[in-house]
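Okay, thanks for squeezing me in. Let me put the sequence and the structure up, and then we can talk through what's inside.

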Amino acid sequence: IMSKCVKGSVMKNVIIYAPRHVVPMSITLMKDLCWVATSYAAEQNKFDGDFSGNVRMVSADGGDVLGFSGNTISMDTALDDIELPDTILLGAFWGQIDDILDQNSALIPFLEQANKHNIPIAAVSNAPFFLAEAGLLNNKVATVYPPMTDLFQHRYPEVDLRSERAITDA
């Protein structure tokens, strides 16, 4: 994740998408790692300024997102209000997959557009469902949170699912 936040001496514009019923630690950990990476790069390259705006938390409508455990996570902006970033990070969720995909349907065309522009996208835990729903994992290697393996494989048979892996790169 850190390499997705900084490249050489350039701070990347990163969005972290928080789906409804987000698993809060999945997005806050990504934001913290990006903060560490940008802070380190700024120090090493003697950058001056505030780079906190380079990593933004995004939800479908820009409103705060209720985590599955009851925590409210504040967002920086709405999906419709941003231009394509340098990198997209997708947070994990809790709940029924059909409901989650429906509640986050605006994400799918955004991911398709990002893919057309070769923007790197990383998804943690069960967030690969969003990528598969957008057709971005067809005929590619992917992994998913192990308890979701059977559902994922049934729903997206065209994805080369490798559930024994913790990380894949397609």
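I'll go through one helix, then the cores, then a pocket. Keep in mind that this is a predicted model.

So, helix H4, residues 107-116. Which of its residues are buried? Those are Leu107, Ile108, Phe110, Leu111 and Ala114. Look down the axis of H4 and these buried residues fall within an arc of 160°, so they line one face of the helix. What do they pack against? Three strands, S3 (14-17), S8 (87-90) and S9 (121-123), plus helix H5 (128-133). After H4 you get Asn118, with a positive phi, near 55°.

Now the largest nonpolar core, which has 33 residues. The ones touching the most other members are Ile88, Leu90, Leu107, Leu111, Phe129, Phe130 and Phe152. Elements giving two or more residues to this core are S3, S8, H3 (97-103), H4 and H5, and H4 provides the largest share, five residues. Take Leu107 from that helix: setting aside neighbours within four places in sequence, Leu107 is in contact with Tyr17, Leu79, Leu90 and Phe130. Another core, of 13 residues, lies apart from the largest one, and its members include Met30, Met57, Ile73 and Met75.

Last thing, for the docking-minded: the second largest pocket, with a volume of about 390 Å³. It's lined by 18 residues, and the closest to its centre are Val23, Met25, Ala92, Ser125 and Tyr145. How many of the lining residues are charged? None: the lining has 14 nonpolar and four polar residues.

That's my tour; over to you.

Methods. Residues numbered from 1 in each chain as written. Predicted model: local features only at pLDDT ≥ 70, side-chain atom pairs only at ≥ 80, totals over all residues. Heavy atoms only, no water. Buried < 20%, exposed > 50% of the residue type's maximum accessible area, 1.4 Å probe, protein only. Helix = DSSP H or I, 4+ residues; strand = E, 2+ residues; numbered from the N terminus. Arc of directions from axis to C-beta. Contact = heavy atoms within 4.5 Å. Core = buried A, V, L, I, M, F, W, Y, C linked by side-chain atoms within 4.5 Å. 1 Å grid on protein atoms, 1.4 Å probe; cavity = no way out; pocket = protein on both sides within 12 Å on 5 of 7 lines; lining within 4 Å. Points joined across faces, edges and corners; volume = space filled by probe spheres on them. Nonpolar A, V, L, I, M, F, W, Y, C, P; charged D, E, K, R; others polar.
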